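Please open the model in your viewer and keep the sequence panel visible beside it. The tour below proceeds by selection, with a short account of what is found at each stop.

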Amino acid sequence: MAELLRSLQDSQLVARFQRRCGLFPALDEGPRENGAARGLAQLPAANGKGGRGPANGLRRIAAPQAYVQKYIVKNYFYYYLFRFSAALGQEVFYITFLPFTHWNIDPYLSRRLIIIWVLVMYIGQVAKDILKWPRPLSPPVVKLEKRVIDEYGMPSTHAMAATAISFTLLISTMDRYQYPFALGLLMAVVFSTLVCLSRLYTGMHTVLDVLGGVLVTAVFIVLTYPAWTLIDRLDSASPLLPVCAIVVSFFLCYNYPASDCYSPTRADTTTILAAGAGVTLGFWVNHFFQLASAPTESLPVVRDIPPLTTDMLVLGLTKFTVGIVLILLVRQLVQNLSLQVLYSWFKVVTRNKEARRRLEIEVPYKFVTYTSVGLCATTFVPMLHRFLGLP
């Protein structure tokens, strides 16, 4: 068993998968020294002075100097497939798919998806900084992403989120909408599989990282499924619920496991928990002030999924555009105000980006910002839709 785990954690296995999919390093960079590749100084910059345009079939990524890599793509089908699949597990997908589901499809589904997603992501993020398992070695692996390169690898939160969202959606809709279960299962498997394979292709995780993420999520879904009905009724619970959600979430963010060096893990975790707290507050406000009917599991089963028409598509895109614009405005406004207050309180020079990484600044400003975003998305955006006559 120990030998099997070591083989699944081997970077060479990831590198072989990349080669089979047509992704190769442009040159043999040799072993790393002090976190950088030998011969790195000879590589031209990805952009700017001294950087020439890439040759045919050659691509470069902009990255910190210690991680600048050149690579050759020999199969562009896999390249674009897995780069797109990787985006399905990133922030751009969550800030589009989850609000769109709430505004245009079913608030009941969006609430379940968001709460399960928040819990799963928190478990995954904390596990990374407790286990401290490194990402695949480069070389031999080619790494295509730079933002999370300083994070630890085990488990893959992309794999966890993709598995949680796809199978929570399947379980929550199979008794609510009428569609072939086999088709829904196939879509869930394909979605999660593509995201998992993209983590190998982009060189960000080992096979064991991905399998660990899927397994943890599967166990989580099985253990929590009996409590999902209780989750559906949280908005009608005690008035102390939103207070508890905000206080507990902030406590977890502020007491996030310390890391040896800075990585975006704590900031991302704060963003996720704050959004979950804001959504919980928003659903409670909707119920308490009767701003919207509470979507419970007792609602009648929808026998047919309505066909997609031009009018429905235009309406959905209009509601989504209005909602996203308002969310972005609220996010920018609250972020600027919270940073100004914190900078003044801690006597930090304005626009000091390094200061944003300090615990006492990063956690509060992100928490306040994304709690406001969650509340806005679930309460104020639907109110604006009704005001504008968008059903």
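In which loop is P155 found? Select P155 to begin: this residue belongs to the loop between helix 5 (107-131) and helix 6 (157-173). Please bear in mind throughout that this is a predicted model.

**Stop 1: the loop between helix 5 and helix 6**

With P155 selected, add M154 and display the backbone atoms. The peptide bond from M154 to P155 is cis, its omega being near 0 degrees.

Next, select K132, which is found in the loop between helix 5 and helix 6 as well. K132 is not a glycine, yet its phi is positive, at about 60 degrees. The relative accessible area of K132 is 29%, a value that lies between the 20% limit for buried and the 50% limit for exposed, so K132 counts as partly exposed.

**Stop 2: the whole chain**

Clear the selection and show the chain as a cartoon. The chain contains 13 helices and five strands. It comprises 391 residues, of which 47% count as buried. The exposed area of the chain is about 20200 Å², and 68% of this is supplied by carbon and sulfur atoms. Among contacts in the chain with a separation of 6 or more, 76% are between residues 24 or more positions apart.

**Stop 3: helix 6 against helix 7**

The next three stops concern pairs of helices. Two packed helices are described by the angle between their axes and the distance between those axes.

Select helix 6 and helix 7 together. Their axes are 9 Å apart and the packing angle is about 170 degrees. Angles over 145 degrees count as roughly antiparallel, and helix 6 and helix 7 are therefore roughly antiparallel to each other. To see the contact, show the side chains of H158, A159, A162, T163, S166, F167 and L170 in helix 6, together with F181, G184, L185, A188, V189, F191, S192, V195, C196 and R199 in helix 7. By class, the residues of this contact between helix 6 and helix 7 are eleven nonpolar, five polar and one charged.

**Stop 4: helix 6 against helix 8**

Keep helix 6 displayed and replace helix 7 with helix 8. The axes of helix 6 and helix 8 come within 8 Å and cross at roughly 35 degrees. This crossing of helix 6 and helix 8 is right-handed. On the helix 6 side, select A159, M160, T163, A164, F167, T168 and I171; on the helix 8 side, the residues they meet are V210, G213, V214, V216, T217 and I221. The contact of helix 6 with helix 8 has nine nonpolar and four polar residues, and no charged ones.

**Stop 5: T206, in the loop before helix 8**

Select T206, located in the loop between helix 7 (181-201) and helix 8 (207-224). Is T206 buried or exposed? Its relative accessible area is 1%, which is under the 20% limit, so T206 is buried. Display its surroundings: leaving out residues up to four places away in sequence, T206 touches L8, Q9, V14, P136 and L200.

**Stop 6: helix 3 against helix 7**

Select helix 3 and bring helix 7 back into view. At what angle do helix 3 and helix 7 pack? The angle is about 115 degrees, and the axes are 8 Å apart. The range from 65 to 115 degrees counts as roughly perpendicular, and helix 3 and helix 7 are therefore described in that way. Helix 3 passes helix 7 in a left-handed crossing. Their contact involves Y78, Y79, L81, F82, S85 and A86 in helix 3, and L194, V195, L197, S198, R199 and Y201 in helix 7. The residues of this contact of helix 3 with helix 7 comprise nine nonpolar, two polar and one charged.

Within this contact, centre the view on S85, which lies in helix 3 (residues 76-87). S85 counts as buried because its relative accessibility is 1%. Apart from its neighbours within four places in sequence, S85 is in contact with L194, V195 and S198. Add F191 as well: 106 residues separate S85 and F191 along the chain, while their C-alpha atoms are 8.1 Å apart.

**Stop 7: helix 12**

Finally, select L317 in helix 12 (residues 310-345). L317 counts as partly exposed, at 45% relative accessibility. Add F100 to the selection: L317 and F100 are 217 residues apart in sequence, and 8.8 Å apart in space from C-alpha to C-alpha.

How values were computed:
Residues are numbered from 1 along each chain as its sequence is written. This is a predicted model: local features need pLDDT of at least 70, side-chain atom pairs count only at pLDDT 80 or more; totals for chains, interfaces and linings use all residues. Side-chain values use heavy atoms; hydrogens and water are left out. Helices (H or I, at least four residues) and strands (E, at least two) are DSSP runs, numbered from the N terminus. Buried means under 20% relative accessible area, exposed over 50%, partly exposed in between (1.4 Å probe, protein chains only). Contact means heavy atoms within 4.5 Å. Accessible areas come from the Shrake-Rupley method with a 1.4 Å probe; for residues, only the protein chains shown count as cover. Axes are lines fitted to C-alpha atoms, for helices over the stretch in contact, and angles run from 0 to 180 degrees between N-to-C directions. Angles under 35 degrees count as roughly parallel, over 145 as roughly antiparallel, 65 to 115 as roughly perpendicular and the rest as oblique. A crossing is left-handed if the near helix is turned anticlockwise from the far one by less than a right angle, and right-handed if clockwise. Ala, Val, Leu, Ile, Met, Phe, Trp, Tyr, Cys and Pro count as nonpolar, Asp, Glu, Lys and Arg as charged, and the others, Gly among them, as polar.
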